[in-house]
Amino acid sequence: MSSDLKQLNKLKKNSRRNNQLQEPKFVERLIKISRVSKVTKGGKKLSFRAIVVLGDENGKVGVGVAKADDVVNAFKKAKTDGRKNLITLPLTKSLSIPHDTVGQFGACKIIMKPAIEGSGVIAGGAVRIVLEVAGVKNVIAKQLGSNNLLNNARAAISGLEQLTTKTEVEKRRNS
């Protein structure tokens with residue numbers, strides 16, 4: 001009986017180790033660190049705001065924003081915020097998006113179109129970082145409206161959220 005318990009404990013330990021090893025490895029890219037100040041009665045209180053994009057380069061991506069008293073803590077907090085806001089998107093065989101999409105957030109509007117294989121990521125600023133971290137290799141994107149980096153990143157995420165595959169559309173129409 002005790003040998004059975006020992007074997008069970010070994011299996012549990014091994015499964016815990018395997019779960020830790022199988023955790024997906026995320027790529028983190030910093031979009032911007034800005035120094036922000038808050039004026040108080042005693043003077044100005046300086047802090048840092050970090051905007052981070054993280055993804056697995058295989059269809060998962062998220063944007064995180066956080067403030068802290070120093071850069072390192074702001075970056076760490078932004079990473080955890082980005083992990084909470086992860087989305088998954090469908091990719092085609094040529095590592096492009098399945099169809100045209102428009103993402104909006106605030107005054108920003110992002111137009112994304114699939115491109116042929118070998119064309120690369122044709123986009124600027126924060127949108128380029130979001131698409132590269134998501135694993136999209138062939139896409140054309142244009143940002144319209146505001147040049148705000150955070151709003152552009154969030155608009156790109158909202159556009160990528162709208163992507164669907166043929167099978168998902170067929171299921172929706174049949175039911």
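Student: What is the order of the elements from the N terminus on?

Tutor: They run α-β-β-β-α-β-β-β-β-α-β-α-α. That's five helices and eight strands in the protein, and keep in mind that this is a predicted model.

Student: What makes Ala126 and its companions in α3 count as "buried"?

Tutor: Buried means under 20% relative accessible area. Ala126, Val127, Ile129, Val130, Leu131, Val133 and Ala134 are buried in α3, so each of them falls under that cut-off. For the protein as a whole, 33% of the 175 residues count as buried.

Student: Why is α3 called largely enclosed?

Tutor: Because seven of its 10 residues are buried, the rest of the structure largely encloses α3. Just past the end of that helix, Gly135 has a positive phi of about 100°.

Student: What makes a group of residues a nonpolar core?

Tutor: They have to be buried, come from the set Ala, Val, Leu, Ile, Met, Phe, Trp, Tyr and Cys, and be joined through side-chain atoms within 4.5 Å. The largest such core here has 30 residues, and Val53, Val61, Val63, Met112, Val130, Leu131 and Leu160 have the most contacts inside it. Two or more residues come from each of β2 (43–55), β3 (60–68), β6 (108–114), α3 (125–134), β8 (139–145) and α4 (149–161). The largest share, seven residues, is from α3.

Student: Which residues does Val63 contact, leaving aside neighbours within four places in sequence?

Tutor: Contact means heavy atoms within 4.5 Å. By that test Val63 touches Ile51, Val52, Val53, Asp81, Gly82, Asn85, Val130, Leu150, Ala153 and Ile157. Apart from the big core there's another, of eight residues, including Phe26, Val52, Ala74 and Ala78.

Student: How do you know that β7 and β8 are paired?

Tutor: Pairing takes at least two bridges between the strands. Two bridges join β7 to β8, so the pair meets the requirement. These strands run parallel, with Ile122 opposite Ile140 in β8.

Student: And what about β6 and β8?

Tutor: Seven bridges link them, in the antiparallel sense. Met112 sits opposite Ala141 in β8.

Student: Why is the pairing in the β5-β6-β8-β7 sheet called mixed?

Tutor: The four strands form an open sheet with mixed pairing. You've already met both senses: β7 and β8 are parallel, while β6 and β8 are antiparallel.

Student: What makes β5 and β7 the edges?

Tutor: β5 (101–105) and β7 (121–122) each have a single partner strand, so one side of each is left without a neighbour in the sheet.

Student: What packs on this sheet, and at what angle to β8?

Tutor: α3 does, touching β6, β7 and β8, and its direction makes about 145° with that of β8. α4 lies across β5, β6 and β8, at about 140° to β5.

Student: Is the β7-α3-β8 crossover right-handed or left-handed?

Tutor: Left-handed. A right-handed crossover would run clockwise from the first strand over the helix to the second, with the strands pointing away from the viewer. The path from β7 through α3 to β8 is the left-handed kind.

Terms used
Residues numbered from 1 in each chain as written. Predicted model: local features only at pLDDT ≥ 70, side-chain atom pairs only at ≥ 80, totals over all residues. Heavy atoms only, no water. Buried < 20%, exposed > 50% of the residue type's maximum accessible area, 1.4 Å probe, protein only. Axes fitted to C-alpha atoms, helices over the stretch in contact; angles between N-to-C directions.
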